Amino acid sequence: MIFDNTIHAFEDARRIARRRLPWMVFDYIDGAAGTEYAERLNRDLLRALWLQPRILKNVQHRNITTPLFGKQAGLPFGIAPMGMCNLSSPKADILLAGLAAKHKIPVGVSTVASTSLERMIELSQGHAWFQLYLSGAMEGSNRLVARAKASGYETLVLTVDVPEVGRRPRELRRGFKMPFRIGPRQFIDFACHPLWSIPQVMMGKPEMANFGGEHGEFDRTESRAAATWDTLAQIRDDWKGNLVVKGVVSVEDAKRLHTAGVDAIQVSSHGGRQLDGAKPAILALRDIRAAVGPDMTLFYDSGIRSGEDIVKAYAMGANFVFLGRPFSFAIAAGGARGLTEMTDLLADEVSITLAQLGLDDINDITSDVLAPNPNI
Ligand SMILES: Cc1cc2nc3c(=O)[nH]c(=O)nc-3n(C[C@H](O)[C@H](O)[C@H](O)COP(=O)(O)O)c2cc1C
């Protein structure tokens with residue numbers, strides 16, 4: 001089916017995106033730390049979890065909406081923060097904000113987003129969550145937090161698993177840099193991918209829109225290694241809205257965060273982009289849920305590729321789930337249409353999975369939907 005560009009499953013989006021994107025951009029999105037073992041393991045372990053089908057229950061009417069920070073999210077999954085989203089397509093951020101507004105789901109706005117945080121909260125009709133990378137000196141971070149407050153953000157996501165940016169060999173081989181630089185190799189790469197390059201040239205090179213001019217510059221490779229628990233306490237003091245700490249896979253850290261007054265923990269290994277040998281995030285989720293008890297709000301991301309994966313993450317203890325690469329590839333593959341197809345297919349898969357499990361409400365998922373797998 002050479003000419004069928006419909007997205008029926010995640011792998012369709014990735015395959016079409018791979019064809020359209022310059023090699024450098026594809027490798028930036030798809031790549032991960034080291035040998036990419038952690039990235040694969042996240043996906044493999046999710047797949048290896050067994051679901052327990054149940055029969056003869058009335059599951060005609062099914063609910064996949066779920067409570068999230070006092071509101072009702074229209075879908076049980078949201079959009080993880082991704083830096084420089086507009087590399088997948090010049091309108092990516094705008095499309096993601098529109099999706100968030102339509103379904104009342106969160107869209108993460110990265111510190112290094114390609115659309116300003118002020119514009120994203122407006123476009124998403126209040127559904128944007130601002131993701132903060134701590135800068136070496138706290139002044140830059142404090143300024144960003146002040147801007148998030150002033151523009152009406154209710155939720156701040158503090159990413160803590162990037163004391164240093166992980167070494168991602170595929171990015172290094174392609175000469176990927178932020179801010180974006182175009183040398184002879186990139187020029188040839190872009191010339192070979194006109195479906196991507198022409199719109200990008202027309203719209204101007206993607207920028208880190210939260211920086212520049214009066215807002216100063218951002219250095220992606222700058223060490224953030226000086227941040228400590230005191231830094232977190234300072235941010236907690238300063239930020240009265242919802243505070244999410246993202247990038248946690250340690251039970252000890254999660255217990256400490258529980259008492260540090262954060263509103264939610266996002267269990268994540270950054271999609272395998274930081275530490276090749278990291279403990280698989282999905283197993284960390286199960287262990288952290290067991291340690292912090294049922295009341296702490298836990299979010300999950302890393303390796304989710306289908307509605308079944310989403311259901312499995314809920315069964316392992318998540319209250320809400322985020323995806324990164326699937327949205328990026330969907331936009332690269334098919335723009336607004338691609339994004340709608342990906343979102344609809346995930347929602348549909350969640351709903352069908354519930355039916356197979358004999359459930360009519362995503363909020364009724366417990367670990368009982370998992371069948372014991374002797375290999376895990
Ligand atoms: C291209 C790309 C850029 C990312 N940029 C950020 C970022 O700026 N801040 C952040 O907290 N996480 C960032 N992440 C990590 C995602 O928020 C999320 O943890 C990860 O993508 C989830 O894994 P998945 O892609 O397998 O769904 C990025 C991920 C990708 C793929």
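These legends walk you through several close-up views of a predicted model.

**View 1. The ligand and the residues around it.**
Welcome to the heart of this tour: the ligand, with 23 residues around it. The nearest of these residues are Pro 81, Ser 110, Thr 159, Asp 301 and Arg 305. By type, the shell around the ligand is made up of 10 polar, eight nonpolar and five charged residues. If you are wondering which cavity is the largest, it is the space that the ligand takes up.

**View 2. Polar side chains that meet the ligand.**
Here we look at individual atom pairs. The side chain of Ser 110 has an N or O atom 2.7 Å from an oxygen atom of the ligand. Thr 159 brings a polar side-chain atom to 2.8 Å from a ligand oxygen atom. For Gln 131, a side-chain N or O atom is found 3.0 Å from a nitrogen atom of the ligand. How much of the ligand's accessible area does the protein cover? On its own the ligand has 600 Å² of accessible area, and the protein covers 98% of this.

**View 3. Met 24 and a partner from far along the chain.**
Look for Met 24 in helix α2, which spans residues 23-30. Is Met 24 buried or exposed? Its relative accessibility is 1%, so Met 24 counts as buried. Gln 186 is 162 residues away from Met 24 in sequence, yet their C-alpha atoms are 7.5 Å apart in space.

**View 4. Gln 72 in its strand.**
Strand β3, residues 71-73, is the home of Gln 72. This residue counts as partly exposed because its relative accessibility is 43%. Between the C-alpha atoms of Gln 72 and Ile 105 there is a separation of 8.6 Å, while the two residues are 33 apart along the chain.

**View 5. His 270 and its positive phi.**
Now for a loop: His 270 lies between β9 (264-267) and α12 (281-292). Although His 270 is not a glycine, its phi is positive, at about 60°. With a relative accessibility of 11%, His 270 falls under the 20% limit and therefore counts as buried.

**View 6. Ser 302 and its positive phi.**
The last stop is Ser 302, found in the loop that runs between β10 (298-300) and α13 (307-315). Ser 302 is not a glycine either, and has a positive phi of about 120°. Buried or exposed, where does Ser 302 belong? Its relative accessible area is 5%, so Ser 302 is buried.

Terms used. Residues are numbered from 1 along each chain as its sequence is written. This is a predicted model: local features need pLDDT of at least 70, side-chain atom pairs count only at pLDDT 80 or more; totals for chains, interfaces and linings use all residues. Side-chain values use heavy atoms; hydrogens and water are left out. A residue is near a molecule or strand if one of its heavy atoms lies within 4 Å of it. A polar contact is a pair of N or O atoms within 3.5 Å; within protein, one must be able to donate a hydrogen and the other to accept it, and residues adjacent in sequence count only if both atoms are side-chain atoms. Accessible areas come from the Shrake-Rupley method with a 1.4 Å probe; for residues, only the protein chains shown count as cover. On a 1 Å grid over the protein atoms alone, a cavity is a set of points where a 1.4 Å probe fits but cannot get out, and a pocket is an open set with protein on both sides within 12 Å along at least five of seven lines; lining residues have an atom within 4 Å of a point. A molecule sits in a cavity or pocket if more than half of its atoms lie within 2 Å of its grid points. Ala, Val, Leu, Ile, Met, Phe, Trp, Tyr, Cys and Pro count as nonpolar, Asp, Glu, Lys and Arg as charged, and the others, Gly among them, as polar. Helices (H or I, at least four residues) and strands (E, at least two) are DSSP runs, numbered from the N terminus. Buried means under 20% relative accessible area, exposed over 50%, partly exposed in between (1.4 Å probe, protein chains only).
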